[in-house]
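Got your viewer open? Load the model, keep the selection box handy, and we'll walk through it stop by stop.

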Amino acid sequence: MISSFSQLLYHRYKGRLDDDADEFIEFIVDGSQRMKQLINDILSYSRVSTQANEFELVDLEIVLNTVLSNLSVSLEENNVSIIYDSLPTVRADPSQLGQVFQNLIANAIKFREQKTPKIYISAKKDKKGWRFSVSDNGIGIDPTHKKRIFEVFKRLHTREEYPGSGIGLSICQKIVERHGGQIWVESELGKGSTFNFTIFTH
């Protein structure tokens, strides 16, 4: 309601009050929009456990192709080059693993360098399950922040630089842990990042 009426106030009365009033209304609109996004992100985080699907056999190539279709506009606008290995069929929650891939790919696009973004997705079998990696050639991460980025609402950049609430990687971590795995990042500033996560196969 706050968001809807503040936007209505802004569009109907912009320029009819003084400059200070216009600026204050803009602050209300911006703040209410951020609050709305924050609430939606908190709900997404809680639903990892409360609205989870039963595990089933999932072809991850189908899951990834759905994700790439969802991100097609962003991939095209940013001229992203994306390559991926043959991906396995695993027992998992298809919706949640799709969310992990989508969050990691979207982050790789968001935190890109000026050069053409390149993303490589790989999969490797080990004794306990599968290890997946999503690598990019983006801005990279200071190694001292490798654990902090998975904490809820922890940000390394301002909202003006990179929009978002800072909860996406926390959701990825919660999903991966639900699947018996771990998630971590290997990165250096200016040298891109590789996000790795494991899925335990029962």
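Start by colouring the chain by pLDDT. Among its elements, helix 2 (residues 19-50) has the lowest mean pLDDT, 78, while strand 4 has the highest, 95. You can do this because you're looking at a predicted model, and pLDDT is the predictor's confidence in each residue, from 0 to 100. For the protein chain the mean is 85, and 91% of its residues reach 70 or more. A word of caution for any patch that comes out low: predicted coordinates there should not be read in detail.

**The whole chain**

Now switch to cartoon view. How many helices and strands does the protein chain have? You should find six helices and seven strands. Trace them along the sequence and the pattern goes α-α-β-α-α-β-β-α-β-β-α-β-β. Lined up on the principal axes, the C-alpha atoms fill a box of roughly 65 × 40 × 35 Å.

Turn on the surface next. The chain's accessible surface comes to about 12200 Å², and carbon and sulfur atoms account for 51% of that. Of the 202 residues, 38% are buried. Try colouring the charges too: there are 25 positive and 26 negative ones, and their mean positions lie 6 Å apart.

**Into the core**

Hide the surface and select Ile105, Phe132 and Phe197. In the largest nonpolar core, which has 40 residues, these three touch the most other members. Which elements supply at least two residues each to this core? Highlight helix 3 (60-70), helix 5 (94-110) and helix 6 (168-178), then strand 3 (89-92), strand 4 (118-125), strand 5 (129-136), strand 6 (183-187) and strand 7 (193-200). Helix 5 gives the most, with seven residues.

Zoom in on phenylalanine 197. Skipping its neighbours within four places in sequence, Phe197 is in contact with Val100, Phe101, Leu104, Trp130, Arg131, Phe132, Val176, Gln182 and Ile183.

**Hop to valine 176**

One of those partners is Val176, so click on valine 176, found in helix 6. Is valine 176 buried or exposed? Its relative accessibility is 0%, so valine 176 counts as buried. Leaving out neighbours within four places, valine 176 is in contact with Val100, Gly181, Gln182, Ile183, Phe197 and Thr198. Now draw a distance line from its C-alpha to that of glutamate 77: these two are 99 residues apart along the chain and separated by 30 Å.

**Over to glutamine 99**

Select glutamine 99, back in helix 5. With a relative accessible area of 28%, glutamine 99 is partly exposed, because that label covers values between 20% and 50%. Beyond its neighbours within four places in sequence, glutamine 99 is in contact with Ile171 and Ile175. Draw another line, this time from the C-alpha of glutamine 99 to that of asparagine 196: they sit 97 residues apart along the chain, and the separation is 15 Å.

If you show every contact with a sequence separation of 6 or more, 67% come from residues 24 or more positions apart.

**Last stop: asparagine 79**

Finally, pick asparagine 79, in the loop between helix 4 (72-77) and strand 2 (81-84). Asparagine 79 is exposed, with a relative accessible area of 52%. What is its phi? About 55 degrees, a positive value, although asparagine 79 is not a glycine. Most residues other than glycine have a negative phi.

Conventions
Residues are numbered from 1 along each chain as its sequence is written. This is a predicted model: local features need pLDDT of at least 70, side-chain atom pairs count only at pLDDT 80 or more; totals for chains, interfaces and linings use all residues. Side-chain values use heavy atoms; hydrogens and water are left out. Helices (H or I, at least four residues) and strands (E, at least two) are DSSP runs, numbered from the N terminus. Buried means under 20% relative accessible area, exposed over 50%, partly exposed in between (1.4 Å probe, protein chains only). Contact means heavy atoms within 4.5 Å. Accessible areas come from the Shrake-Rupley method with a 1.4 Å probe; for residues, only the protein chains shown count as cover. Lys and Arg count as positive and Asp and Glu as negative; His and the chain ends are not counted. The place of a charge is taken as NZ of Lys, CZ of Arg, CG of Asp or CD of Glu. A nonpolar core is a set of buried Ala, Val, Leu, Ile, Met, Phe, Trp, Tyr and Cys residues joined through side-chain atoms within 4.5 Å.
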